[in-house]
Amino acid sequence: MSDNALYTDLSGYYDLMCADINYHAQSNNAHRLHQIFGNGGRRHLDLACGTGPHIYYLSQENYQCSGLDINQPMLDIAKQRCPQAQFELGNMCEFDVAIPYDFITCFLYSIHYSGDIGRLTDCIESVHKALNAGGVFCFNAVDKDQINNAISAKHSVVEGDSQFSFVSSWHYRGEGETQTLKLSIEKTNAEAKQVWADEHPMVALNFNQLQELLTPYFDVHVFEHEHDKIIAWNKQSGNAIFLCVKK
Ligand SMILES: C[S@@+](CC[C@H](N)C(=O)[O-])C[C@H]1O[C@@H](n2cnc3c(N)ncnc32)[C@H](O)[C@@H]1O
């Protein structure tokens with residue numbers, strides 16, 4: 001299944017699936033990191049922006065926000081949520097911009113959608129090219145060597161007359177540069193139970209490899225995956241926030 005097909009199917013359920021993510025805190029944290037490390041500019045681009053939750057909150061911090069995503073139905077929802085922002089259909093591994101940005105973000109581990117290390121390198125190069133001097137790239141990532149295949153995130157939401165249950169997990173088979181994101185949705189109401197499931201291949205690498213890919217282009221700072229405080233990465237956690245300042 002292509003990236004496009006996955007999120008075309010998912011777009012109508014996406015915000016319900018992410019209802020337990022604190023996008024406000026995540027966006028505030030990115031804004032604080034940009035205030036500390038950035039160049040003071042306000043031009044912001046969110047890569048793989050989905051339905052635009054980070055753009056919604058960063059617009060409130062006076063950024064001029066744009067979003068890029070490979071899936072038009074996700075962008076249609078983003079445009080409804082953030083009518084003041086610009087949105088473009090495109091691939092984060094091969095994008096060009098007319099006017100460079102000061103701040104580029106990519107959240108919910110979406111950088112892993114680049115698929116393999118060659119495409120991830122293309123993405124990093126595209127981001128570097130798209131930034132102004134001293135511009136900042138901020139994203140979160142997962143270390144393949146820390147993935148526990150037995151752990152999954154689950155939550156349920158009632159919407160209208162239906163109950164939705166969402167389960168997501170990472171799976172890494174212990175070798176190679178591919179890990180799998182497993183998603184499943186169950187929708188139950190008085191008439192029927194529908195089940196929807198997908199397994200999606202994503203690029204797998206550890207944080208040492210990721211830092212090696214980034215350092216030719218950026219000064220790299222790694223932080224614990226916390227949204228209400230800024231703490232240097234303890235070199236063990238498998239989730240982290242990467243803050244990269246253009247060299
Ligand atoms: C897990 S969602 C994250 C959306 C949003 N960043 C968030 O935090 O809610 C992943 C998004 O990545 C997009 N995507 C996948 N591959 C992409 C690519 N190569 N270029 C741009 N967007 C991509 C999907 O269409 C989807 O909207």
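# Questions on a predicted two-domain model

Q: How many residues surround the ligand in this predicted model?
A: Let's start at the ligand. Among the residues around the ligand, the closest are A48, G50, N71, L108 and Y113. The full count of residues that surround the ligand is 18.

Q: How does the shell around the ligand divide into nonpolar, polar and charged residues?
A: Tyr counts as nonpolar and Gly as polar, so the class of each shell residue follows from its type. Sorted this way, the shell around the ligand has 12 nonpolar, four polar and two charged residues.

Q: Where does the largest nonpolar core lie with respect to domain 1 and domain 2?
A: The largest nonpolar core has 54 residues, and L47, I104, F137 and F139 have the most contacts inside it. Strand β5 (residues 131-142) gives the most to this core, with seven residues. Domain 1 (3-144 + 204-246) and domain 2 (145-203) both give residues to the core, so it lies between them.

Q: Which residues is F139 in contact with, leaving aside its neighbours within four places in sequence?
A: F139 is one of the residues with the most contacts inside the largest nonpolar core. Once its neighbours within four places in sequence are left aside, the contacts of F139 are T105, C106, F107, I111 and F242.

Q: Which element gives the largest share of the side of domain 1 that touches domain 2?
A: Happily, this one can be narrowed down in steps. The centres of the two domains, taken over C-alpha atoms, are 22 Å apart, and 20 residues of domain 1 are in contact with 20 residues of domain 2. On the domain 1 side, α1 (3-17) and α5 (117-130) each supply at least two residues. The largest share, four residues, comes from α1.

Q: Is K246 buried or exposed?
A: K246 has its place in strand β11 (residues 239-246). A residue needs 20 or more other C-beta atoms within 10 Å to be buried. K246 has 22 such neighbours inside 10 Å, so it counts as buried.

Q: What is the C-alpha to C-alpha distance between K246 and H128?
A: Leaving aside neighbours within four places in sequence, K246 is in contact with H128, L131, A133, G134, G135 and F218. K246 and H128 are 118 residues apart in sequence, and their C-alpha to C-alpha distance is 6.5 Å.

Q: How many residues are in the hairpin that joins β8 to β9?
A: Strand β8 (residues 178-188) and strand β9 (residues 193-203) pair in the antiparallel sense over 11 bridges. Within this pair, E186 stands opposite V195 in β9. The hairpin joins β8 to β9 through four residues.

Q: Is P201 buried, exposed or partly exposed?
A: P201 lies in strand β9 and touches G115, T178 and T180, not counting residues up to four places away in sequence. Being buried takes 20 or more other C-beta atoms within 10 Å, and being exposed takes 12 or fewer. P201 has 15, so it is partly exposed.

Q: Which residue in β2 stands opposite D46?
A: Strand β2 (residues 64-69) is mostly covered, with five of its six residues buried. Five bridges join β2 to strand β1 (residues 43-47), and the two strands run parallel. The residue opposite D46 is G67.

Terms used
Residues numbered from 1 in each chain as written. Predicted model: local features only at pLDDT ≥ 70, side-chain atom pairs only at ≥ 80, totals over all residues. Near = placed C-beta within 6 Å. Core = buried A, V, L, I, M, F, W, Y, C linked by C-beta atoms within 7 Å. Domains from an automatic or database assignment. Contact = placed C-beta atoms within 7 Å. Pairing = 2+ DSSP bridges.
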